[in-house]
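Please look through the exercises below with the sequence and the 3D view side by side, and try each task before reading its solution.

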Amino acid sequence: MSPEATPRVLTDLGDRVAGAAPDRAGALWRLAEAGRQLDANLVRLPPGAEVGGHAEDDLDVLLLVVGGGGELEDAAGARRALAPQALVWLPRASRRALRAGPEGLVYLTVHRRRPGMTVRGPGSAGPGAPGGSGADEGGEGPCMLDRVCPECGRVNGRAGAVSCERCGGPLPPVAP
């Protein structure tokens, strides 16, 4: 049996939250084990911060509130309070927004792992194109690199956004 196939405790979420600087926002921890099929992120939103309305087109996401509180808003504008221990299913393609309450919001997200992002050179052909590998490599053009969140890896849908639609972390500055 390989070491990757051995069950183990990865971290204590309470220790991660307590050990982070009080003003630190964004990802406090992420699952980074080699060969994994899941992604998981422990995210902190400061008081009053929000993850703007968005839909995750490809993945269902489980969200577990670990600390603080806030609210979840759906596409119809209905709001649901979020408190510690709330477990929320966010089905793919569902429109949602998160807002942190006065104590901030700390939550864990878990979802199927996305394939890594690749950037093809100018002479490389895509899957199915003449000379292409036929492999499903995915990837985004280099003009979208300023939309990739360094905290959670999400490619954000809005050009010129300054914070991530998923975790609220800062996005790289737009290249001139």
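The exercises that follow concern a predicted model, and each task is followed by a solution in steps.

**Exercise 1. The overall layout**

Task: Work out how many helices and strands the chain has, and in which pattern they follow one another along the sequence.

Solution: Begin by counting the elements, which gives one helix and seven strands. Then read along the sequence, where the pattern is α-β-β-β-β-β-β-β. As a next step, turn to the contacts between residues at least 6 apart in sequence, of which 58% join residues at least 24 apart. Finally, consider the surface: the chain has 176 residues, 32% of which count as buried, and its accessible surface is about 10200 Å², with 56% of that area belonging to carbon and sulfur atoms.

**Exercise 2. The nonpolar cores**

Task: Find which residues touch the most other members of the largest nonpolar core, and which elements give two or more residues to this core.

Solution: The largest nonpolar core holds 21 residues, and those that touch the most other members are Leu45, Leu63, Leu82, Leu98, Leu105 and Tyr107. Looking next at the elements, two or more residues of this core come from each of β2 (38–45), β4 (61–74), β6 (87–90) and β7 (95–112). There is also a second, separate core of eight residues, including Leu28, Leu31, Leu42 and Val106. To see one member of the largest core in detail, take Tyr107 and set aside residues up to four places away in sequence; the residues that Tyr107 touches then include Leu45, Leu63 and Leu98, and also Arg166 and Cys167.

**Exercise 3. The cavity and its lining**

Task: Determine how many cavities of 30 Å³ or more the structure holds, and which element supplies the largest share of the lining of the largest cavity.

Solution: The structure holds one cavity of 30 Å³ or more, and the space in the largest cavity is about 110 Å³. Among the residues that line this cavity are His54, Glu56, Leu63, Arg96, Tyr107, Thr109, Arg154 and Arg166. Sorted by class, the lining has five nonpolar, three polar and four charged residues. At the level of elements, β4 and β7 each supply at least two lining residues, and the largest share, five residues, comes from β7.

**Exercise 4. A lining residue in its strand**

Task: Decide whether Thr109 is buried or exposed, and find which residues Thr109 touches.

Solution: First locate Thr109, which is found in strand β7 and is one of the residues lining the largest cavity. Its relative accessible area is 4%, which is under the 20% cut-off, and therefore Thr109 is buried. Leaving out residues up to four places away in sequence, Thr109 touches Asp39, Ala40, Asn41, Val61, Leu62 and Leu63.

**Exercise 5. Two positive phi angles**

Task: Find where Gln85 and Ala93 lie, and whether each is buried or exposed.

Solution: As background, most residues other than glycine have a negative phi. Gln85, although not a glycine, has a positive phi of about 85 degrees, and its place is in the loop between β5 (79–82) and β6. Because its relative accessibility is 62%, Gln85 counts as exposed. Ala93, again a residue other than glycine, has a positive phi near 70 degrees and is found in the loop between β6 and β7. With a relative accessibility of 52%, which is over the 50% cut-off, Ala93 also counts as exposed.

Note on methods: Residues are numbered from 1 along each chain as its sequence is written. This is a predicted model: local features need pLDDT of at least 70, side-chain atom pairs count only at pLDDT 80 or more; totals for chains, interfaces and linings use all residues. Side-chain values use heavy atoms; hydrogens and water are left out. A nonpolar core is a set of buried Ala, Val, Leu, Ile, Met, Phe, Trp, Tyr and Cys residues joined through side-chain atoms within 4.5 Å. Buried means under 20% relative accessible area, exposed over 50%, partly exposed in between (1.4 Å probe, protein chains only). Helices (H or I, at least four residues) and strands (E, at least two) are DSSP runs, numbered from the N terminus. Contact means heavy atoms within 4.5 Å. On a 1 Å grid over the protein atoms alone, a cavity is a set of points where a 1.4 Å probe fits but cannot get out, and a pocket is an open set with protein on both sides within 12 Å along at least five of seven lines; lining residues have an atom within 4 Å of a point. Grid points are joined across faces, edges and corners, and a volume is the space filled by probe spheres set on the points. Ala, Val, Leu, Ile, Met, Phe, Trp, Tyr, Cys and Pro count as nonpolar, Asp, Glu, Lys and Arg as charged, and the others, Gly among them, as polar. Accessible areas come from the Shrake-Rupley method with a 1.4 Å probe; for residues, only the protein chains shown count as cover.
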